[in-house]
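Got your viewer open? Load the model, colour it by chain, and follow along stop by stop.

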Amino acid sequence: MNRNEKIDPAIGDTCRVPLLALFGGAALWLVVGLAIELAASLTFHNPSMFADHSWLAYGRLQAAANDAVLYGFCIPAALGVILWVFARLSESELVLPLVPVLAANIWHLGVLVGLVAIFIGDTTGFQWLEFPRGASVLLFSAYMLIAISAMATFGARRERKLQPAHWFLLAALVWFPWIYTTANIFLVAWPVRGVAQAVIDWWFTNNLIFVWFALVGLGLAFYFLPKFAGRPLHNPDLALFGFVTFILFSTWCGIPQGAPVPAWLPAASTFASVLMLIPIFSLLTVFARTVTGPSLTGTKPQCKGGPFCYIKFGTTAFILATLMLLPLGCPHFGSWAGITWYVQAQSSLQILGFFTIVICGAIYELMPSVMGMEWPFPKFVRFQHWAFMAGAVLLVLMLAIGGLAQGMNDYNFQSALPFLRFSTLGLFLLLLGSLMFAANIFVMTIKWNLALAKGFIAIVRPPVKLQEVKS
Amino acid sequence: MMSDDLKEHSPATEKPSSGDGFAVPVWIFCVALLLLFLGGVYFDEYSGWFNAQVYAPYTDANELESYQPVSGAAAILAQGKHTYDTICTACHGPDGSGKPGQAPPLAGSEWVNAAGHQRLVEIPQLGLNGQVTVEGQSWNLSMAAMGAGLSDSDLAAVLTYVRSSWGNKGDAISSDDVKTIRGSIAGHPAIAGDAGLKAIKE
Amino acid sequence: MTSSCRIFLVSFIALGLSWGGFVLAPMEQLGTQKQTDVLNSSQTYPLQRTGDATLGLQVYRRYGCAACHTTQLQQGGVSCDVVVTGMGKNPTAVSNLLSSLSLKNLDKDDAQSASDQITGAGGKTEIHIIPTGGDVARGWGARRSVSEDFLWDYPVQLGSLRMGPDLANVGGRLGSFSWQLLHLYAPQAAAKDSAMPPFRFMFLVQKIGATPSPDALQLPAGFGPPSGFEVVPSNAARNLAAYLLSLHADVPLHDAPFTMAAAAPAPTAQAKK
C-alpha cells in the first residue's frame with residue numbers, strides 16, 4: 001500500500017462523504033445479500049424448512065439475494081470507485097460532491113424498496129431485473145446523478161491525456177443507462193410480445209453482468225495493477241485493441257443455445273463467443289506482462305493479502321469466468337449445460353469471484369488515503385482475502401460440478417444435491433468475509449464521525465473565544 | 001511501494017521498442033481473421049439466415065420444408081383427434097362413450113357406423129333436437145351446430161376419426177364430401193329427432 | 001490517438017450494433033408474431049389461456065417458480081420412421097422388401113428412398129417425423145419449444161435452471177388438477193423422491209365444519225393434517241394448478257413439425273358396454 005503517494009488533499013476532502021455514503025450502504029447490502037443467499041442454500045439441506053412462509057419461498061430468496069448483491073453492492077460500490085478514480089486521474093477535486101451523496105441515498109432507498117417488493121411478490125419476473133418499476137426509477141435517477149458528477153469531474157480534468165482506465169470506465173458510464181432503460185421500457189413499461197421479452201432480458205443480463213462488470217473491473221485493474229506492480233502497463237496499444245474488440249464482440253454473447261428462438265440468435269452468440277478469444281487473449285497478455293515484468297523500482301512487489309492480491313485474484317477470476325462463459329456458446333455443450341447450475345457457477349464467479357473482489361480491493365486501497373486514517377482492523381483485510389478466495393472457489397467449483405453432474409444425469413436433482421450442500425460452506429466463507437469488510441467500513445465511518453464531532457466540539461466549546469471573534 | 005515519479009500518465013508513455021505505429025503483433029490480426037472466417041462459416045451453416053421459422057436442429061428453410069409431415073391417413077386421424085379433443089370431448093367424452101344428460105355415445109352408435117355418411121356430415125353442421133334413439137336407448141337433448149364453423153378438412157378429419165376409433169367401423173370421409181354436402185344443405189333448419197334423421201337420404 | 005469523443009463513438013457503435021441485433025430485430029421478428037395454424041389443421045395455436053390460468057401465471061411469477069423450473073424443451077435432432085399402412089396387391093413382394101429394409105430412425109433421404117421402394121412394390125407407406133433428443137426421450141414433450149408457445153405470456157417465464165423437471169408440457173404429462181394441488185402441498189406425497197419445497201402457505205388448514213369441504217385435498221397417510229382438520233387450496237394454489245395444466249406445448253407447428261401419434265387405440269371393451 002502506498003501511503004506515501006502525493007495526492008491533492010482536495011480530492012480526499014471532496015470524495016470523503018460521497019464515498020462513505022456509497023460504500024456504507026453497499027457493504028450492508030453485500031452482507032444482507034450473502035445472508036439471504038445462505039438462507040436460500042439451506043433449502044438444499046431441508047426442502048420444507050420455509051414451507052409455511054410465503055416470503056421465504058426459494059424463488060424469492062434467490063432473486064432477492066442476487067439483486068441485493070448486484071444492485072445493492074456491485075453497482076454503487078463501483079460507482080464510488082469510479083468517482084474517485086476520475087478525480088484522481090483528473091488530478092482535480094470531485095465536481096458537485098453533494099450530488100453523489102444525495103444519489104447514494106436515493107440508490108440505497110431504491111434497493112430497499114426493490115428487495116421488500118421481491119419479498120412480498122411484487123417482482124417483474126425477469127431474471128436480474130426483478131425490481132418493480134418504482135425501485136427502477138429510483139435506481140436510474142440516482143445513477144444519472146452520479147454519472148453527472150463523474151462526467152463533470154472528467155470534463156474539468158487538469159491532466160488532459162486519457163489513460164487506459166478512462167476508456168473502460170467512460171464506456172461503462174454510457175453502458176448502464178442505455179441497457180437499463182431499454183430493459184425497463186421494453187419489459188416493464190410497455191412490454192413487447194412473447195419470447196422477445198426473454199431475448200431482451202438475455203441481452204440486458206449479458207450486457208450488465210458480463211460487459212459492464214468487465215468494463216468497470218478491467219478499468220480498475222488497468223488503473224491499479226501498474227501502480228502495484230511498480231511498472232507501466234505493458235503495451236497500451238494492445239490494451240486498446242483488446243478494449244475495442246471486447247466491446248464489439250462481448251455484446252453479442254448471452255443468448256442460450258437451447259433457447260426457443262429462431263436459430264440465428266443463438267448462432268450469432270456462438271459466432272461472438274468464438275471471436276471473444278481475441279480480446280481475452282490480448283487482455284490476458286497485457287495483464288500477465290504487467291504483473292510479471294520487472295519492477296522499475298527494483299524490488300519485487302509483494303501482495304501479502306493486501307489490495308494487490310485482491311486485484312490479481314479478481315483479474316484471474318475474470319479470465320476464468322470468461323473461459324467458463326465461452327463454452328456455453330458451443331451449440332451442443334451450451335444447450336444441455338446452459339440450463340444447469342453451471343450457469344449459476346459462471347455468474348457467481350463473475351459477480352463474487354471477479355467483481356466483488358476487485359471492488360473490495362480497490363476500496364481497501366483508496367479509502368485510507370481518502371479518509372486520512374488507517375483501517376480499524378488491518379488484519380481483516382488479509383483474512384477477508386482468504387475467506388473470499390476460498391469461498392468463491394468452493395462455491396463456483398461445487399455449483400459447476402453439481403450442474404454438470406445433473407445435466408449428464410437426466411437433470412436428476414439428486415446427482416447435484418451433494419455438491420449444492422457443499423456450496424453452502426462457500427457461501428458461509430463469503431458471508432464471513434463480507435462481515436469483515438462491513439466491520440472495517442462501519443468502524444471507520446464511526447471513527448471519522450467521532451473525530452469530526454470532536455473537532456466540532458473543540459470549535460463550539462470555548463464560547464468566550466467565539467464571542468471575542470464576533471465582537 | 002511506488003515511487004513518486006511514476007505518474008498516472010506514465011503507462012501510456014511507454015512505447016514498445018518497435019517504434020512508431022500501432023504496436024499490436026501482426027499474428028493477432030491473423031488469428032482474428034481466422035476466427036472471423038470460422039465463425040462466419042458456422043453462422044452461414046447454422047443460422048438459417050434470420051428466417052423466423054428456422055429453429056435448431058433445422059439449419060435452413062428448405063430443410064424445414066422437407067421435414068413437414070405429409071397428410072396421410074395417420075395425419076388425418078391425428079388432426080381429427082385434435083379437433084375432437086378441442087370441441088367434441090366435453091359432451092361426448094374423450095372415448096366417445098357419451099355422458100348421461102349431455103350427449104349420447106358415439107362409440108358403437110348405429111348412426112355413426114351406418115354405411116352412408118350423409119347424416120353424419122349433416123348433424124354437426126345443422127344441429128340436432130328432439131327424441132333420438134341410440135343403441136336402443138332414448139335421448140331427448142339438443143345439440144347446437146357445433147361443426148358449422150369448422151373447415152371442410154377439419155370436419156372431415158374429425159368425422160373420420162370418430163368413424164375409425166373406439167371400435168367403430170366406417171369409411172373415411174373426405175373433405176370433398178363435406179364440401180358437397182355443405183353446399184346442398186345451406187340454410188336448412190336443425191334436424192328434428194329420429195324422424196328428421198330418417199328423412200335424410202343416404 | 002484516443003480522445004474521449006472516439007471512446008464514446010466506439011462505445012455507441014458497439015452497443016448500438018448489438019442493440020439493433022438483439023433488441024430491435026427480435027422485437028420486429030418475434031414481437032409482432034401472431035397465432036399460427038396447427039399443422040394439417042385449421043385450428044389456431046396458441047389459444048388464449050383461461051382466466052384462472054392467466055392469474056396462475058402471475059402466481060408462478062410471484063413465487064419465483066422459474067428459479068428452479070424451465071419451460072423450454074430442447075430437441076437434439078429429428079428422425080423419420082417409415083410406416084407401412086397397406087400391403088397392396090402384391091403382399092409377398094412387399095414383405096420380402098420389408099425384411100431387407102430398415103424403417104426406423106432414418107434421415108429424410110433414406111426414409112424417402114425406402115418409402116419409394118415399398119410404394120414401387122405396390123405397398124402404401126407414410127413417413128412419420130419424430131423429434132429426438134434428451135427431453136423427448138425423457139417424455140417431457142413431443143417437440144422443442146418455439147416462440148409461439150409463449151405468445152400470450154407476460155412475463156415470459158422461460159427459466160434458466162432445471163433444478164426440477166421442465167414444465168413446458170406439464171399439462172400434457174401430469175394432467176390432473178388434484179394431483180397438481182397435492183404436489184404443491186406435499187411434493188413428496190405425490191412424487192416420492194421430489195426435492196421440491198412444499199408450498200403449504202398456499203393452503204388453508206381448517207376445522208372440518210358441518211359438511212367437509214368438497215375441495216379438501218385427499219392426503220395420503222403421514223401427510224395429512226391433525227384429525228378433525230382438512231386442507232383446502234387457496235385461490236392462488238388453484239390458479240397455479242390451472243396454469244400448470246394449461247402448459248401444453250404438444251401440437252405440431254410449421255417451425256416444429258412432427259407427426260402426431262395416430263388415434264388412440266380403440267378401447268373396445270368400453271365402446272360396447
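Start with chain B: walking along its sequence, you pass through the pattern α-α-α-α-α-β-β-β-α-α-β-α. That comes to 8 helices and 4 strands. Here, helices (H or I, at least four residues) and strands (E, at least two) are DSSP runs, numbered from the N terminus.

Some ground rules before you click further. This is a predicted model, in which local features need pLDDT of at least 70 and side-chain atom pairs count only at pLDDT 80 or more, while totals for chains, interfaces and linings use all residues. Residues are numbered from 1 along each chain as its sequence is written, while chains are lettered from A and ligands numbered from 1 in the order in which they are written.

**Stop 1: chain B, coloured by confidence**

Switch the colouring to pLDDT, the predictor's confidence in each residue, from 0 to 100. Chain B averages 80, and 88% of its residues score at least 70. Where in chain B is confidence lowest, and where is it highest? Select helix 1 (residues 10–13) of chain B for the lowest mean, 41, and then helix 2 (residues 26–46) of chain B for the highest, 94. Now widen the selection to residues 1–20 of chain B: the pLDDT is below 50 there, and this stretch has 30 contacts in the model beyond near neighbours in sequence. A contact means that the C-beta atoms of two residues, placed from the backbone, lie within 7 Å. Where pLDDT is low, the predicted coordinates should not be read in detail.

**Stop 2: a hairpin in chain B**

Select residues 131–134 and 137–140 of chain B. These are strand 2 and strand 3 of chain B, which pair in the antiparallel sense over 4 bridges (two strands pair if DSSP finds at least two bridges between them). Put B:Gln131 on screen and you'll find B:Asn140 of strand 3 opposite. The two strands form a hairpin with 2 residues between them, and B:Glu135 in the turn has a positive phi of about 50 degrees.

**Stop 3: B:Val178**

Next, click on B:Val178, in helix 7 (residues 175–184) of chain B. Is B:Val178 buried or exposed? It is buried, because 24 other C-beta atoms lie within 10 Å. The cut-offs are these: a residue is buried if 20 or more other C-beta atoms lie within 10 Å of its own, exposed if 12 or fewer, and partly exposed in between, with C-beta atoms placed from the backbone. Leaving out residues up to four places away in sequence, B:Val178 touches B:Val121, B:Asp152, B:Leu155, B:Ala156 and B:Ile173. Try a distance label too: the C-alpha atoms of B:Val178 and B:Cys88 are separated by 18 Å, with the two residues 90 apart along the chain. Across chain B, buried residues make up 32% of the 202 residues.

**Stop 4: chain A**

Hide the rest and show chain A, which has 15 helices and 0 strands. Its radius of gyration is 23 Å, close to the 23 Å that the globule rule gives for 471 residues, so chain A is as compact as a globular protein of that length. That radius is taken over C-alpha atoms, and the rule is 2.2 Å times the number of residues to the power 0.38. Buried residues make up 63% of chain A's 471 residues.

Now pick out helix 13 (residues 378–408) of chain A. Its 31 residues reach 46 Å from first C-alpha to last, close to the 45 Å expected, the expected span being 1.5 Å times one less than the number of residues. After helix 13 of chain A comes A:Asp410, whose phi is positive, near 60 degrees.

**Stop 5: where chain A meets chain C**

Bring chain C back. How many residues of chain A are in contact with chain C? There are 63, and they touch 56 residues of chain C. Helix 5 (164–189) is one of the helices of chain A that each supply at least two residues to this side, and helix 5 gives the most, with 8. By class, this side of chain A has 39 nonpolar, 20 polar and 4 charged residues. Ala, Val, Leu, Ile, Met, Phe, Trp, Tyr, Cys and Pro count as nonpolar, Asp, Glu, Lys and Arg as charged, and the others, Gly among them, as polar.

**Stop 6: chain C**

Finally, show chain C alone: 10 helices and 6 strands. Its radius of gyration is 26 Å, whereas a compact globule of 273 residues would have one near 19 Å. The C-alpha atoms of chain C fill a box of roughly 85 × 75 × 35 Å along the principal axes. Chain C averages a pLDDT of 88, but over residues 262–273 of chain C the pLDDT is below 50. For the whole model, the scores are ipTM 0.92 and pTM 0.85.
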